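Visitor: I would like to go through this structure and ask about the reasoning behind the labels put on it.

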Amino acid sequence: MGGKLALSIPFGSDYLAWYFQNINWSFGGSYSKEWDQNLTSAQTIEAGQWLQEMVGSGLIETAKTPSESFAACQSALLLQSTGSLQGLEETVQGFELATAFLPGFGDSYVCPTGRAGIAIPAKVTGERRAAAVKFIAFMTNDDSTSAFSQATGYMPVTKGAQDNEQMKSYMAKHPHASTAVEQLAHTRRKIITGF
């Protein structure tokens, strides 16, 4: 391959678990089954060995800054969070940036999605609770969700935000931003990590 890599992905200090999850699922493995860990299953070990072999062969790089390898044309592909899109769009020069569904194998192919939340601690009461509820309503409304998505590259997380006129206009100008939304049909909806 002339010293060039097929794929760059973040290494373990940047949460390799997320990047490895769909590879693991593609081999039929998982991190857990309900509340029981499954890291030592034959399928999970096979997935890990496959990744190890690909890194050892020089086809895949696990790097602290994989986006830099990709932007410098040292790798043909980059496996990265959608949250990196905004920065990549500004950094990549000399070639057209394109996005695609996460790779996978066979019938077990599924895409992991990130998750986060906003919560109010149980002991918060009165005016502070009311203010927190207003803040959550503001942060999660369609306009705010759409603005956050456009500013970061993360996909819009509500149907209303996806249908927001500003979001539709943004996706028309930045078609790569719609890839994650289109891939939602292939996500695993029930994820229990067990830890």
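The turns below take some of these labels and set values against cut-offs.

Visitor: What kind of model is this, and how many helices and strands are in the protein chain?

Guide: The model is predicted. The protein chain has 9 helices and 5 strands, arranged along the sequence as β-α-β-β-α-β-α-β-α-α-α-α-α-α. Of its 195 residues, 37% are buried.

Visitor: Why is N38 called buried?

Guide: Its relative accessibility is 13%, and buried means under 20%, so N38 falls in that class. N38 sits in the loop between β3 (36-37) and α2.

Visitor: Which residues does N38 touch?

Guide: Leaving out residues up to four places away in sequence, N38 touches S30, Y31, S32, K33 and T44.

Visitor: What makes F27 and W50 a tilted pair?

Guide: By the pairing rule there are 4 aromatic pairs. In one of them, F27 and W50 have ring centres 6.0 Å apart, and the limit for a pair is within 6.5 Å. The angle between their planes is 50°; stacked needs under 30 degrees and edge-to-face over 60, so the pair is left as tilted.

Visitor: Why is the F27 and W50 pair said to tie parts together?

Guide: F27 lies in the loop between α1 (16-26) and β2 (32-33), while W50 belongs to helix α2 (residues 42-56), so the pair links parts that are 23 residues apart in sequence. W50 has a relative accessible area of 25%; that is not under 20% and not over 50%, so W50 is partly exposed.

Visitor: Why is the pair F148 and Y154 called stacked?

Guide: Their ring centres are 6.1 Å apart, which meets the limit of within 6.5 Å. The planes are at 5°, and under 30 degrees counts as stacked, so the label follows.

Visitor: Are F148 and Y154 buried, exposed or partly exposed?

Guide: F148 is at 47% and Y154 at 40% relative accessible area. Partly exposed is the class between under 20% and over 50%, so F148 and Y154 both belong there.

Visitor: Which residues form the nonpolar patch on the surface?

Guide: I118, F135, F138 and M139 form it, with about 400 Å² of accessible area together.

Visitor: How do you know that F135 can count towards a patch, and where is F135 found?

Guide: F135 is in helix α5 (residues 126-140). Its relative accessibility is 47%, and a patch residue needs over 30%, so F135 passes that cut-off. With the same 47%, F135 counts as partly exposed.

Note on methods:
Residues numbered from 1 in each chain as written. Predicted model: local features only at pLDDT ≥ 70, side-chain atom pairs only at ≥ 80, totals over all residues. Heavy atoms only, no water. Patch = residues over 30% accessible without salt bridge, like charges linked within 9 Å, V, L, I, M, F, W, Y side chains within 5 Å. Areas by Shrake-Rupley, 256 points an atom, 1.4 Å probe, with all protein chains shown as cover. Salt bridge = Lys/Arg side-chain N within 4 Å of Asp/Glu carboxyl O. Helix = DSSP H or I, 4+ residues; strand = E, 2+ residues; numbered from the N terminus. Buried < 20%, exposed > 50% of the residue type's maximum accessible area, 1.4 Å probe, protein only. Contact = heavy atoms within 4.5 Å.
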